[in-house]
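Colleague: I'm new to reading structures, and I'd like to know what stands behind the labels people use. Can we go through one together?

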Amino acid sequence: MTVIVLSGPIGAGKSSLTSILSDYLGTRPFYESVDDNPVLPLFYADPKKYAFLLQVYFLNTRFHSIKAALSEDNNVLDRSIYEDALFFQMNADIGRATSEEVDTYYELLHNMMGELSRMPKKNPDLLVHIDVSYDTMIKRIKKRGRPYEQLSYDSTLEDYYKRLLEYYKPWYEKYDYSPKMTIDGDELDFMASEHDRQIVLDQITAKLKEMGKLPEDWDKTTDIRIEA
Ligand SMILES: Nc1ncnc2c1ncn2[C@@H]1O[C@H](COP(=O)(O)OP(=O)(O)O)[C@@H](O)[C@H]1O
Ligand SMILES: Nc1nc2c(ncn2[C@H]2C[C@H](O)[C@@H](COP(=O)(O)O)O2)c(=O)[nH]1
């Protein structure tokens, strides 16, 4: 039984890989609240006003998801609570949160992490990070087509996305809640290429086998077709 958390910048392919991986392993996926998130469009329209509210919204949903996932112990999560502070700190660093909001946020996060540390299963089994360049990130954001995420929507988004990417390297290096691995999201087109999809799945299953989370002879031969 495994809990796998995915991480990576906006448009890296987390939701897509969550779907592929949960199908492949026969586990339950948890997706981020995006299309049903009432605060997200408000945030993009007025980031300074809504950065704190959006973060509390995401933190709350991520807390619910990770608690359920750790209890069920058979899940894949498309971004998790472990990545939450990366976003908020980045927004706070560019002046989108007051010092009171920052203090309140970290106190809330600390309380939530404390609660997780008292659960029978405390941590995920594996973090799968999807690494992408700025160009790939923008290409995927365009392909997905959410209006408020497009560079044409707000001239400051280019800087916002570039800055966000810079926060990922130190975050990944510091992450120590579970074993971790990286997928090359620039090179491996796991949406359009079945060959690349199999490479990604092989890399993840090899890691799970190495960790003793899958039997050495585990082999899934199901044909997986995902709509891009
Ligand atoms: N490896 C990939 N190769 C090509 N297109 C991809 C890849 N991963 C995702 N996409 C496409 O990019 C867009 C964003 O993917 P998504 O899974 O929503 O990313 P995330 O959840 O990380 O924001 C979608 O249109 C998806 O079909
Ligand atoms: N300010 C924050 N924005 C966030 C956070 N998590 C996600 N998001 C935004 C980024 C995208 O516009 C959208 C969906 O993210 P994907 O990476 O799934 O495409 O939501 C956050 O914690 N803070």
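**What the labels rest on**

Modeller: Let's start with ligand 2: one of its oxygen atoms is 2.5 Å from an N or O atom in the side chain of Y44. Keep in mind that this is a predicted model.

Colleague: What makes that pair with Y44 a polar contact?

Modeller: A polar contact is a pair of N or O atoms within 3.5 Å. Here an oxygen atom of ligand 2 pairs with an N or O atom of the Y44 side chain at 2.5 Å, so the pair qualifies.

Colleague: Which atoms are paired for R62 and for E149?

Modeller: For R62, a polar side-chain atom lies 2.7 Å from a nitrogen atom of ligand 2. For E149, a side-chain N or O atom is 2.5 Å from an oxygen atom of ligand 2. The protein covers 99% of the 490 Å² of accessible area that ligand 2 has on its own.

Colleague: What else is around ligand 2?

Modeller: There are 19 residues around it, and the closest are K14, Y44, Q55, R62 and E149. Helix 2 (40–45), helix 3 (47–72) and helix 4 (84–93) each give at least two residues to that shell. The largest share, 4 residues, comes from helix 3.

Colleague: How do you know that ligand 2 is in a pocket?

Modeller: The test is that more than half of a molecule's atoms lie within 2 Å of the pocket's grid points. The space ligand 2 takes is the largest pocket.

Colleague: And where does ligand 1 sit?

Modeller: Ligand 1 sits in the largest pocket too. It has 15 residues around it, with K14, S15, S16, R144 and D189 coming nearest. Helix 1 (14–25) and helix 6 (134–144) each supply at least two residues of its shell.

Colleague: What makes the R140 pair with ligand 1 count as a polar contact?

Modeller: A polar side-chain atom of R140 lies 3.3 Å from a nitrogen atom of ligand 1. The limit is 3.5 Å, so that pair counts. With R144, a side-chain N or O atom is 2.7 Å from an oxygen atom of the ligand. A12 joins in through its backbone, where an N or O atom lies 3.1 Å from an oxygen atom of ligand 1. Taken alone, ligand 1 exposes 560 Å², and the protein buries 89% of that.

Colleague: Let's move off the ligands. Which residues does A85 touch?

Modeller: A85 is in helix 4. Leaving out residues up to four places away in sequence, A85 touches M90, Y105, Y106 and L109. "Touching" here means heavy atoms within 4.5 Å. As for L40, it is 45 residues from A85 in sequence and 17 Å away in space, C-alpha to C-alpha.

Colleague: What makes D73 and R79 worth pointing out?

Modeller: Look at their phi angles. D73 has a positive phi, near 60°, and is a residue other than glycine. R79 isn't a glycine either, and its phi is about 60°. D73 is in the loop between helix 3 and strand 3 (75–78), while R79 is in the loop between strand 3 and helix 4.

Colleague: How confident is the predictor in all this?

Modeller: The protein averages a pLDDT of 95, and 96% of the residues score at least 70. Over residues 223–228, though, the pLDDT is below 50, and that stretch has 14 contacts in the model beyond near neighbours in sequence. For the complex, the predictor gives an ipTM of 0.97 and a pTM of 0.95.

Conventions. Residues numbered from 1 in each chain as written. Chains lettered and ligands numbered in written order. Predicted model: local features only at pLDDT ≥ 70, side-chain atom pairs only at ≥ 80, totals over all residues. Heavy atoms only, no water. pLDDT = per-residue confidence, 0-100. Near = heavy atom within 4 Å. Polar contact = N/O pair within 3.5 Å; in protein donor to acceptor, adjacent residues only side chain to side chain. Areas by Shrake-Rupley, 256 points an atom, 1.4 Å probe, with all protein chains shown as cover. 1 Å grid on protein atoms, 1.4 Å probe; cavity = no way out; pocket = protein on both sides within 12 Å on 5 of 7 lines; lining within 4 Å.
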